[in-house]
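Me: Please take a close look at the charged pairs in this chain. Start with a pair inside one helix and then work outward to the surroundings of the others.

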Amino acid sequence: MVLVNAARHIGGGPWTPPRGTPRTRPRWRYGRTVTPDDLAARLDHVGYLPDQGVATAAFLAWRMRRPLLCEGEPGTGKTSLALALARALELPLIRLQCHEGIDAAQALYDWDFPRQLLHLRALEAAGPVDVERAEASLYTRRFLLARPLLRALEEAPCVLLVDEVDRADDEFEAFLLEVLGEHAVTIPELGVVRAETPPLVVLTSNRTRELHDALKRRCLYHWLEHPDLAREIAIVRRRLPGVGERLAEQVASTVRRLRTLDLIKPPGVAETLDWAEALLTLGMTTLDPPAAAATLGAVLKYREDVRRALSAGVLDVPPGSTIGG
């Protein structure tokens, strides 16, 4: 649902949600999950195994209606948390992938210029044109292209994932403040669009640069570490049921050893899963040195990292030994 100010658009009529916006969705109730453990159980049910810190941070963001800023090394499960929250809470997911040079037109809205031009030509073909009325008719909701931020306000309740916000520049970060602080955006031609029920916002950052305090103050914060060995094994077994316990333990243990090396790109949980799946595809039930060396490209993505791992002897163990043991 969307609550719109008394402001009216230039065309003279009240602004209304776009065609297809749900109008009969039942009111979303924040109180359906009453403890962090309840939310952890829901996340576990959809395949995301959170520790207590993650479950508590996500629960507080949900109940307090505050954005959650997740920072950590790549592959620690920041993006996966947002995806899992959408599934666990049975809410639609809207994703904004940040990148260098992203601006408001890509994140919020843009005007459909080709359709506006066709509209003007149609008016001209129909006869004499009233310039003011023609101009006013161009800036109505039918010509507005909703981008992820506007869609999140229109379609809330939902989960809004602002992924890798650290890749955007300072100007875009400042632009986010109105959305995160007020759950609203201002469209000069239409007025203020405000979400009646704020979306559950998850921002992720790999800390390629420091975010400003103004953004951090509007968010709850959580730093995600790589999971401990037992939880990483559990994640592998949950996501890849065909992987045996021994192979899962060997893969997870070896990945943890790789993370202790000075690598360009230390492997995350996603690489652990890729490696286990590659071995499963080859019909392996244990991680022996030849199989590990042959499939190392599933877990390490730089030639320098592969060389460093081989020279460190992570895969070079005596016959009969358990890799990663």
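Reply: Arg308 and Asp305 both sit in helix α14 (residues 303–311), three residues apart, which is about one turn of the helix. Helices here are DSSP runs of H or I with at least four residues, strands are runs of E with at least two, and both are numbered from the N terminus. The model is a predicted one, in which local features need pLDDT of at least 70 and side-chain atom pairs count only at pLDDT 80 or more, while totals for chains, interfaces and linings use all residues. Residues are numbered from 1 along each chain as its sequence is written, and side-chain values use heavy atoms, with hydrogens and water left out.

The two α14 residues form a salt bridge, with the closest N and O atoms 3.6 Å apart. The term requires a side-chain nitrogen of Lys or Arg within 4 Å of a carboxyl oxygen of Asp or Glu. Side chains of opposite charge can pair when their charged atoms come close. The partners differ in exposure: Asp305 is buried, at a relative accessible area of 0%, whereas Arg308 is partly exposed, at 32%. Buried means under 20% relative accessible area, exposed means over 50%, and partly exposed lies in between, using a 1.4 Å probe and protein chains only.

In total the structure holds 14 salt bridges. In the pair of Glu271 and Lys265, the closest N and O atoms are 3.9 Å apart. Glu271 is buried, with a relative accessible area of 12%, and Lys265 is partly exposed, with 22%. Other bridges join up: Glu71, Arg207, Glu210 and Lys216 are linked in a network.

A further pair is Glu164 with Arg167, where the closest N and O atoms are 3.1 Å apart. Arg167 is partly exposed, its relative accessible area being 42%. Glu164 lies in the loop between β6 and α8, and this residue has a positive phi of about 55° although it is not a glycine.

The elements on either side of that loop deserve a look as well. Before β6 (159–163) comes the loop that follows α7, and Pro157 is found in that loop. A cis peptide bond joins Ala156 to Pro157, with omega about 10°. Helix α7 itself (residues 148–155) is mostly covered, six of its eight residues being buried. The buried ones are Pro148, Leu149, Leu150, Ala152, Leu153 and Glu154.

On the other side, helix α8 (residues 170–182) has 13 residues and, at 1.5 Å a residue, should span 18 Å; its end C-alpha atoms are 19 Å apart, which agrees. The expected span is 1.5 Å times one less than the number of residues. α8 bends by about 25° at Leu176, the bend being the angle between axes fitted to the seven residues ending there and the seven starting there. Leu176 is also among the buried residues of α8, together with Phe172, Glu173, Leu177, Val179 and Leu180. Just after α8, His183 takes a positive phi of about 50°. His183 belongs to the loop between α8 and β7 (184–187) and, at 16% relative accessibility, counts as buried.

Charged residues also appear around the largest pocket. Its lining of 33 residues divides into 14 nonpolar, 10 polar and nine charged. Ala, Val, Leu, Ile, Met, Phe, Trp, Tyr, Cys and Pro count as nonpolar, Asp, Glu, Lys and Arg as charged, and the others, Gly among them, as polar. Thr76, Gly77, Lys78, Thr79 and Ser80 lie nearest the centre of the pocket. α3 (78–88) gives the most to the lining, with six residues. β10 (220–224), α10 (229–239) and α12 (269–281) each supply at least two.

After α12 comes a loop that leads to α13 (289–294), and Met284 is placed there. Met284 counts as partly exposed, at 22% relative accessibility. Met284 and Val243 are 41 residues apart in sequence and 9.1 Å apart in space, C-alpha to C-alpha.

How values were computed
On a 1 Å grid over the protein atoms alone, a cavity is a set of points where a 1.4 Å probe fits but cannot get out, and a pocket is an open set with protein on both sides within 12 Å along at least five of seven lines; lining residues have an atom within 4 Å of a point.
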